[in-house]
Amino acid sequence: MTAPVAIIQPPHSIPAKGLGDNVPRYTSYPTAPHFHPGVDAVTVRGWMDALEGDDEISLYLHIPYCDRLCWFCACHTKQTRHYAPVATFLRSLHKEIETVGGLVNGRVRAVHFGGGSPTMLKPDDILMLGKALRERFDFLADASISVEIDPNDMNEGRLDAFAAIGMTRASLGVQDFDPKVQKAINREQSFALTKSIVDAVRARGVLSVNLDLLYGLPYQTSESVAATVSQALTLAPDRLALFGYAHVPWFKKHQTMIDEAWLPDSAARLAQSRLAAQIIVDAGYEALGLDHFAKPQDALAVAARAGKIRRNFQGYTEDQCETLIGLGPSSISRFRQGYAQNIVATGEYQKAVDRGQLAIARGIEFSLDDLARGWIIERLMCNFAFSAIDLVERFGAVGQTLLCEASRLAISGAGRFLRLDGESFVVPEESRPLVRTVAAKFDRYLGNGIGRHSLAV
């Protein structure tokens, strides 16, 4: 293979073009709007049957309830002030665990509890879920268990229960510590409360603590975001995630509670993200991918230095499992053959699993072109670069075709977003905040009008 000639260009400030683009977050490729009902329970049962006993798998459990509704949230969840619907749902979740566990071979490397708010579960229910998972699936001795935590939900009983089922990583939702911002997003949470939960999970042996922060929220300024980041750093988290608020009121109606006039524009969002990132890096954290940071000794940073960081529906991860099985309504699974998503509506999900069926609503089977484009997009999102040689060695003629696409992109006016450096295509440093826009150049599905997306920055 003859490599294209490198294009040498002078340094630029970040391109203004692309700041206002609406593009996917690329936690998968193809993205969820392109899933279809042609992938059904029969299809997925075949994919499960193909798993071998020595395959390592990950599990994701989606708890679709919260005891309050945060107006910024775009997750599939519903608010309830009563526990009875949660208890009914948990009976169905146990049935799904039983059904899927009876079909799947493989050893569990990682479990992630998300939602919604898994921390609104009662302690006994947490313990029962942990027991059911270990009875139905073969766990590796060093399997990791991650839990998304709303500090407002936590008490000693819940903390003890998650510790008892083996929690190894806690991810706390912070968003912002400014009271004005918190009120605007219906998420009031003091720094003192957050610190108490960080201290409590560490006292129970949890060695990895992550804090989720947001920029682009109503009333945020660069100064207020910097203040929140500085406060968060005093807790010495092992990881931080710095997400841009995704304002998608056409998808999540409760976001209409946030007046768009309160939101910073694209340029202000970019300034907030860059200042926050600089503060975090100056504190000794390594920048990973688009929006994650970790202490140098953290497993995510170690994986990134080894070129093994991955991206899935939970964001950036060191998890190398090819198979991720989602449990609970709306959860998405990834198999070697494709993606599959469970029924979103909790009631319909419960009807399906209570009958002993897989709750699959839709999905997509990978073509070789999907796999090749997905590999490029994941490498761009994780490393801001991909190897031309690796692309062709992995995907043959399909890789060669995509190599030509990348070469044309680098040579064109879009070269400010993608350049050839030796045998690798690289996103220039000044354009890395726009890496989602770069990844979108390789998205074969994006132009068909299906799905609406959030701002690139």
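In this report, a residue is called buried under 20% relative accessible area, exposed over 50% and partly exposed in between, with a 1.4 Å probe and protein chains only. By that scale E148, at 26% relative accessibility, counts as partly exposed.

The model is predicted, so local features need pLDDT of at least 70 and side-chain atom pairs count only at pLDDT 80 or more, while totals for chains, interfaces and linings use all residues. Residues are numbered from 1 along each chain as its sequence is written, and side-chain values use heavy atoms, with hydrogens and water left out.

**Annotated positions**

An unreviewed UniProt entry carries the annotation "binding site" for Y60, G115, E148 and I332. Positions from UniProt are given in the numbering used here, feature names are shortened, and annotations may be inferred rather than shown by experiment.

Two of these residues, E148 and I332, are set beside S171, which E148 touches. Strands (E, at least two residues) and helices (H or I, at least four) are DSSP runs, numbered from the N terminus.

| Residue | Strand | Relative accessibility |
|---|---|---|
| E148 | β5 (residues 138-149) | 26%, partly exposed |
| I332 | β14 (residues 332-334) | 12%, buried |
| S171 | β6 (residues 169-175) | 15%, buried |

Contact means heavy atoms within 4.5 Å. Not counting residues up to four places away in sequence, E148 touches H112, F113, G114, G115, P118, T119 and S171. With the same exclusion, the neighbours of S171 are V147, E148, I149, N210 and D212. For I332, again leaving aside residues within four places in sequence, the contacts are A32, F35, F313, L324, G326, Y339, A340 and Q341.

A polar contact is a pair of N or O atoms within 3.5 Å; within protein, one must be able to donate a hydrogen and the other to accept it, and residues adjacent in sequence count only if both atoms are side-chain atoms. One such contact, of 2.9 Å, links the side chains of E148 and H112. Another, of 2.8 Å, links the side chains of S171 and N210.

**A helix pair**

Helix α11 (residues 368-383) packs against helix α12 (residues 388-411) at about 85 degrees, with the axes 10 Å apart. Axes are lines fitted to C-alpha atoms, for helices over the stretch in contact, and angles run from 0 to 180 degrees between N-to-C directions. The two helices α11 and α12 are therefore roughly perpendicular, a term for angles of 65 to 115 degrees. From α11, the contact includes L368, W375 and I376, and from α12 it includes F395, V398 and L402.

Terms used: Parallel < 35°, antiparallel > 145°, perpendicular 65-115°, else oblique.
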